[in-house]
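User: Please take a close look at a single part of this model and explain how it is placed. I would like its packing and its polar contacts treated together, in one connected answer.

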Amino acid sequence: MMASDGVNGTPGCRFIKEETVYQGEWLSLGVTTYQDPQGQHRTWETVRRTTRCDGYKTDGATVVAVLKRALHYDQLILVQQFRPAINAFTLEFPAGLCDAGESVEDCAIRELREETGYTGQVISVSPTTCMDPGLSNSTTCLVTAQIDGDDIVNIRPKPHPEEGEFLKVLYFPMNELLTRINDFTKKEAVTVDSRVYMYAMALQLSKGKDPVQRSPGRIDKK
Ligand SMILES: Nc1ncnc2c1ncn2[C@H]1C[C@H](O)[C@@H](COP(=O)(O)OP(=O)(O)O)O1
């Protein structure tokens, strides 16, 4: 076994330095130099958000919000959004970046209100989780929230999207989430966020059902 002197016991890997190749308003591209277990220096091309607040481990919050109403099935609140980076509409959890001094919980509640108009209550907060670590250092906390749909503040929710945000609020029944998301992708040209799809798969598995939708080996064409 390799000697373990890296971050969190990763065998012998350590950060050496970072050089910025491009610095934009929202993102930067850097070349990260690190040392491998044999002592060799290697590089990685790394995208970083410029918006992460000083001292924060997380960029923002992702909100798993469930709308609860008397005599109604529980519904998961998702947002359909145009994402320029992939030139497509996506199906995502409401989410956003933390402001300076803002807690992850407050960020989640604010983003939920801005993107959907709903006022929710935080139920739980995950540790900081990474988003796409082969590409960037982007991180988020997964915040579960409950929305009391019978509360007067939630009767006619009015979103307040930020400049440049174009969102549609969508409702999916929790008891058949995966099926309904699969149906939705057949009707609408949307790309589902991995977090959303994984959540739906996990719910399906927790009911003892197999989440498989399509035959193996198929390739998604553009
Ligand atoms: N790469 C990028 N290019 C241009 N604008 C960006 C950007 N990343 C973030 N922004 C701007 C536009 C968003 O309306 C705003 C706030 O983003 P957000 O809503 O907090 O996060 P998210 O885009 O994950 O929902 O920041």
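Analyst: UniProt, in an unreviewed entry, places the feature "domain: Nudix hydrolase" at residues 56-194. The model is predicted, and the values below are computed from it. Within residues 56-194, 18% is helix and 40% is strand, and the end C-alpha atoms lie 24 Å apart. The part I take up is helix 1, residues 104-116.

First, the setting. The protein has 3 helices and 11 strands, in the order β-β-β-β-β-β-β-α-β-β-β-α-β-α along the sequence. Its C-alpha trace spans about 65 × 45 × 35 Å along the principal axes. Of the 222 residues, 36% are buried. Of the contacts between residues at least 6 apart in sequence, 52% join residues at least 24 apart.

Next, the geometry of helix 1. At 1.5 Å a residue, its 13 residues should span 18 Å, and the end C-alpha atoms are indeed 18 Å apart, so the expected and modelled values agree. The residue that follows helix 1 is G117, with a positive phi near 85 degrees.

Then the packing. Helix 1 is mostly covered, with 10 of its 13 residues buried. The buried set includes V104, C107, A108, I109 and L112, and also the charged residues R110, E111, E114 and E115. The cover over these buried residues comes from elements including strand 4 (60-68), strand 5 (75-83) and strand 7 (95-97); strand 8 (121-130), strand 9 (139-148) and strand 10 (167-173) are also among them.

What do the charged residues do there? E114 and R110 form a salt bridge, with the closest N and O atoms 3.2 Å apart, inside the 4 Å cut-off for such a pair. Both residues lie in helix 1, 4 residues apart, or about one turn of the helix. An α-helix has 3.6 residues a turn, so residues three or four places apart point the same way. E114 counts as buried at 18% relative accessibility, and R110 does so at 17%; the limit for buried is under 20%. The pair is part of a wider arrangement: salt bridges with shared partners join D99, E102, R110, E111 and E114 into one network.

For comparison, there are 12 salt bridges by this rule, and two others show other surroundings. K17 and E19 have their closest N and O atoms 3.4 Å apart; K17 is partly exposed at 40% relative accessible area, and E19 is partly exposed at 44%. R52 and D59 come to 2.9 Å between the closest N and O atoms; here R52 is partly exposed at 25%, whereas D59 is buried at 4%.

Finally, the ligand. Two residues of helix 1, E111 and E115, are listed among the residues around the ligand. A polar side-chain atom of E111 lies 3.4 Å from an oxygen atom of the ligand, and E111 is also a member of the salt-bridge network described above. Others around the ligand include W26, L27, R49, A95, G96, L97, E162 and E163. R83 has a side-chain N or O atom 3.1 Å from an oxygen atom of the ligand, and for E165 the corresponding distance is 3.0 Å.

To put it together, helix 1 is mostly covered, strands are among the elements covering its buried residues, and E111 takes part in the salt-bridge network while also lying around the ligand.

Technical notes: Residues numbered from 1 in each chain as written. Predicted model: local features only at pLDDT ≥ 70, side-chain atom pairs only at ≥ 80, totals over all residues. Heavy atoms only, no water. Salt bridge = Lys/Arg side-chain N within 4 Å of Asp/Glu carboxyl O. Buried < 20%, exposed > 50% of the residue type's maximum accessible area, 1.4 Å probe, protein only. Helix = DSSP H or I, 4+ residues; strand = E, 2+ residues; numbered from the N terminus. UniProt positions renumbered as here; feature names shortened; annotations may be inferred. Expected span 1.5 Å × (residues − 1). Contact = heavy atoms within 4.5 Å. Near = heavy atom within 4 Å. Polar contact = N/O pair within 3.5 Å; in protein donor to acceptor, adjacent residues only side chain to side chain.
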